[in-house]
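Got your viewer open? Here is a short tour: at each stop, select what is named and have a look.

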Amino acid sequence: MAAPRYTLVDIPGWGWVGILASPRGIRRLTLPQPSPLAALIGLGLAKGDMEPGPTLGAFPDLEHRLEGYFRGERVSFPDALDLVGTPFQREVWEVVRTIPYRETRSYAWVAHQTGRPGAARSVGQAMGANPVPIIVPCHRVIGTRGDLRGYGGPQGVPLKQRLLEMEYGNSAE
């Protein structure tokens, strides 16, 4: 089986984003990181799993769309995914993937969509394990009262807030 391909993308004003894909689809996408090394660590690369270095420009269309997204453009991510997770996690990620740009939904709403209306806390745990943020826009999942709840990485809730402000603040359609 072919080794997964990966690349790093420098997003001006945001940081480095790592992309990892198998022949079946995107496996991981990092949130913006302060350095290329942090993005590599975020991809979870293990020694021996990868070829000697990133395949620069390996995903030109996705890289272009990510750059546009972080400029505040409305961008879709119809990419094939190759996600590893429990059946519940994968179901949650598919529901969250349907949340439109500039819209938010509550953890309870996502739980209801999975047919498990009491599973809001489990939805939060699935969001914490989301391997492809932005493509599965977990930053659009908020508390029932509109409060911003936990978000991955060292930047946490402030990054979630920045992403939502970027989406809502853009008036260009």
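Which residue in β3 does leucine 20 stand opposite? Select leucine 20 and look across: arginine 28 is there. Bear in mind as you go that this is a predicted model.

**Stop 1: the sheet**

Now widen the selection to strand β2, residues 15-22, and strand β3, residues 25-29. They pair in the antiparallel sense, over 4 bridges. The link from β2 to β3 is a hairpin of 2 residues.

Turn to β2's other partner and add β1, residues 5-11. β1 and β2 run antiparallel too, with 7 bridges pairing them. Leucine 20 turns up again here, as the bridge partner of tyrosine 6.

With those strands coloured, you have an open sheet of 3 strands, in the order β1-β2-β3 and with antiparallel pairing. β1 and β3 sit at the edges with a single partner strand each, so one side of each has no neighbour in the sheet. Look at the twist as well: neighbouring strands are turned by 30° against each other on average, direction ignored.

**Stop 2: helices across the sheet**

Select residues 36-43 for helix α1, which lies across β1, β2 and β3 and runs at about 35° to β2. Next take residues 60-70: this is helix α2, which also lies across β1, β2 and β3, at about 30° to β1.

**Stop 3: the core**

Show side chains for Leu66, Tyr69, Phe70, Val92, Met127, Ile134 and Leu163. Among the 42 residues of the largest nonpolar core, these touch the most other members. At least two residues of this core come from each of β1, β2, β3, α2, α3 (87-97), α4 (107-113), α5 (120-128) and α6 (156-169). α3 gives the largest share, 5 residues.

Zoom in on tyrosine 69. Is it buried or exposed? Tyrosine 69 is buried, its relative accessible area being 1%. Setting aside neighbours within four places in sequence, its contacts include Val75, Phe77, Tyr101, Ile134 and His139. Arg140, Leu163, Met166 and Glu167 are also in contact with tyrosine 69.

**Stop 4: the aromatics**

There are 4 aromatic pairs in the structure. For one of them, pick tryptophan 14 and phenylalanine 70: the rings are tilted, 4.9 Å centre to centre with 55° between the planes. Tryptophan 14 belongs to the loop between β1 and β2, and phenylalanine 70 to helix α2, so this pair ties together parts that lie 56 residues apart in sequence. Both partners are tucked away: tryptophan 14 is buried at a relative accessible area of 13%, and phenylalanine 70 is buried at 6%.

Keep phenylalanine 70 selected and bring back tyrosine 69. This aromatic pair is edge-to-face, with 5.2 Å from centre to centre and 85° between the planes. Then add the rest of the group: Trp14, Tyr69, Phe70, Phe77 and Tyr101 make up one aromatic cluster.

**Stop 5: charges over rings**

Stay with tryptophan 14 and add arginine 162. What sits over the ring of tryptophan 14? The charged end of arginine 162 does, 3.6 Å from the ring's centre.

For the last selection, go to tryptophan 109 and arginine 105. Here the charged end of arginine 105 sits over the tryptophan 109 ring, 5.2 Å from its centre.

Conventions
Residues numbered from 1 in each chain as written. Predicted model: local features only at pLDDT ≥ 70, side-chain atom pairs only at ≥ 80, totals over all residues. Heavy atoms only, no water. Pairing = 2+ DSSP bridges. Axes fitted to C-alpha atoms, helices over the stretch in contact; angles between N-to-C directions. Contact = heavy atoms within 4.5 Å. Core = buried A, V, L, I, M, F, W, Y, C linked by side-chain atoms within 4.5 Å. Buried < 20%, exposed > 50% of the residue type's maximum accessible area, 1.4 Å probe, protein only. Phe/Tyr/Trp six-rings, centres within 6.5 Å; stacked < 30°, edge-to-face > 60°. Lys NZ or Arg CZ within 6 Å of the ring centre and 35° of its normal.
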